[in-house]
Amino acid sequence: MLLIKVGIGYDVHALVEGRPLILGGVEIPYDRGLLGHSDADVLIHAIMDALLGALALGDIGAHFPDHDPQYQGISSITLLEHVVRLIQEKGYRVGNVDSIIVAQRPKLAPYIMDMRMNMAKVLRVEESCVSVKATTTERLGFEGREEGISSQAIVCLIGFES
Ligand SMILES: Nc1ccn([C@@H]2O[C@H](COP(=O)(O)O)[C@@H](O)[C@H]2O)c(=O)n1
Ligand SMILES: C[C@@]1(CO)OP(=O)(O)OP(=O)(O)OC[C@H]1O
């Protein structure tokens with residue numbers, strides 16, 4: 001029997017000086033970056049929460065506690081590899097991912113393809129199965145004031161049960 005599961009994810013990180021801006025595993029030239037225990041890749045965090053949520057496996061904080069020194073400064077691509085392994089162990093593979101980054105600045109369009117390629121490799125799917133979009137909030141709210149960046153993701157997992 002073919003099984004379909006869906007999950008959603010949402011994350012926010014504050015924009016601060018003195019940190020690199022990493023989104024979808026791509027380092028984006030900018031005068032500020034996201035604050036976090038890991039590399040604070042808010043896009044990958046939303047996607048990981050969606051993947052875990054689809055199988056009711058909790059959230060990233062439960063799997064990678066933000067007080068555990070082993071995750072300090074860790075690349076979120078490494079964390080995503082772990083989550084994908086977990087999903088495969090449960091008998092599922094990724095069908096597709098759709099996501100959005102909410103950022104007033106910088107302009108992200110030039111980096112979207114690289115983000116999709118990075119994540120598709122780890123998710124073990126074609127790039128056409130990984131969508132990343134960007135929007136401003138027309139200067140409204142915390143993203144609009146450039147205090148932080150948020151991201152939302154939805155995923156579909158495909159599993160087989162005999
Ligand atoms: N940080 C961002 C935000 C948006 N974009 C691109 O610009 C388009 C227009 O954005 P609106 O918020 O005015 O709708 C959007 O569709 C994205 O393609 C971007 O590259 N980087
Ligand atoms: C990713 C983890 C890893 O310790 O830390 P942060 O980079 O602070 O990110 P957050 O979105 O707060 O999720 C918690 C943690 O799992």
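Which residue in β7 does G9 stand opposite? The partner of G9 is A153 in β7. Keep in mind as you look around that this is a predicted model. The tour below starts with the sheet, moves on to the helices and the annotated site, and ends with the ligands and some backbone details.

**The sheet**

- Five strands build an open sheet, and their order across it is β4-β1-β7-β5-β6, with mixed pairing.
- At the edges sit β4 and β6, each of which pairs on one side only.
- On average, neighbouring strands of this sheet are turned by 20° against each other, direction ignored.
- Strand β1 covers residues 2-17 and pairs with β7, residues 148-160, in the antiparallel sense over 13 bridges.
- G9 and its opposite number A153 belong to this part of the picture.
- Strand β1 is also joined to β4, residues 32-34, by three bridges, and these two strands run antiparallel.
- If you would like a landmark for the β4 side, look for V16, which stands opposite G33 in β4.

**Helices against the strands**

- Helix α1 packs on the sheet and touches β1, β4, β5, β6 and β7.
- The direction of α1 makes about 150° with that of β1.
- Helix α4 lies across β5 and β6, and runs at about 145° to β6.

**A buried valine in β7**

- V155 is a residue of strand β7.
- With 28 other C-beta atoms within 10 Å, V155 counts as buried, because 20 or more are enough for that label.
- Leaving aside residues up to four places away in sequence, V155 touches V6, G7, I47, A50, L51, A54, V94 and V97.
- V155 and D49 are 106 residues apart in sequence, yet their C-alpha atoms are 9.6 Å apart in space.

**The annotated binding site**

- An unreviewed UniProt entry carries the annotation "binding site" for D11, H13 and H45.
- These residues span 35 residues in sequence, but no two of their C-alpha atoms are more than 10.0 Å apart, so they gather at one spot.
- D11 lies in strand β1, while H45 is found in helix α1, residues 42-54.
- Is D11 buried or exposed? D11 is buried, with 23 other C-beta atoms within 10 Å.
- H45 is buried as well, with 28 other C-beta atoms within 10 Å.
- Not counting residues up to four places away in sequence, D11 touches V42, H45, A46, D49, S150 and S151.
- On the same basis, H45 touches D11, I60 and S76.

**The two ligands**

- Which residues surround ligand 2? They are D11, G36, H37, S38, A40, H45, I60, G61, F64, D66 and Y71.
- Sorted by class, the shell around ligand 2 holds four nonpolar, five polar and two charged residues.
- Two residues of the annotated site, D11 and H45, are therefore found in the shell of ligand 2 as well.
- Ligand 1 has its own surroundings, made up of A103, K107, L108, A109, A134, T135 and T136.
- By class, the ligand 1 shell has four nonpolar residues, two polar ones and one charged one.

**Backbone details to look at**

- As background, most residues other than glycine have a negative phi, and most peptide bonds are trans.
- R105 and P106 are joined by a cis peptide bond, with omega about -5°.
- P106 sits in the loop between β5 (92-102) and α4 (112-123).
- R124 is not a glycine, but has a positive phi of about 60°.
- You will find R124 in the loop between α4 and β6 (130-135).
- R124 is partly exposed, with 13 other C-beta atoms within 10 Å.
- R139 is another non-glycine residue with a positive phi, here about 70°.
- The place to look for R139 is the loop between β6 and α5 (141-144).
- Is R139 buried or exposed? R139 is exposed, because only 12 or fewer other C-beta atoms within 10 Å are allowed for that label and R139 has 10.

Definitions and conventions. Residues numbered from 1 in each chain as written. Chains lettered and ligands numbered in written order. Predicted model: local features only at pLDDT ≥ 70, side-chain atom pairs only at ≥ 80, totals over all residues. Near = placed C-beta within 6 Å. Nonpolar A, V, L, I, M, F, W, Y, C, P; charged D, E, K, R; others polar. Pairing = 2+ DSSP bridges. Helix = DSSP H or I, 4+ residues; strand = E, 2+ residues; numbered from the N terminus. UniProt positions renumbered as here; feature names shortened; annotations may be inferred. Contact = placed C-beta atoms within 7 Å. Axes fitted to C-alpha atoms, helices over the stretch in contact; angles between N-to-C directions.
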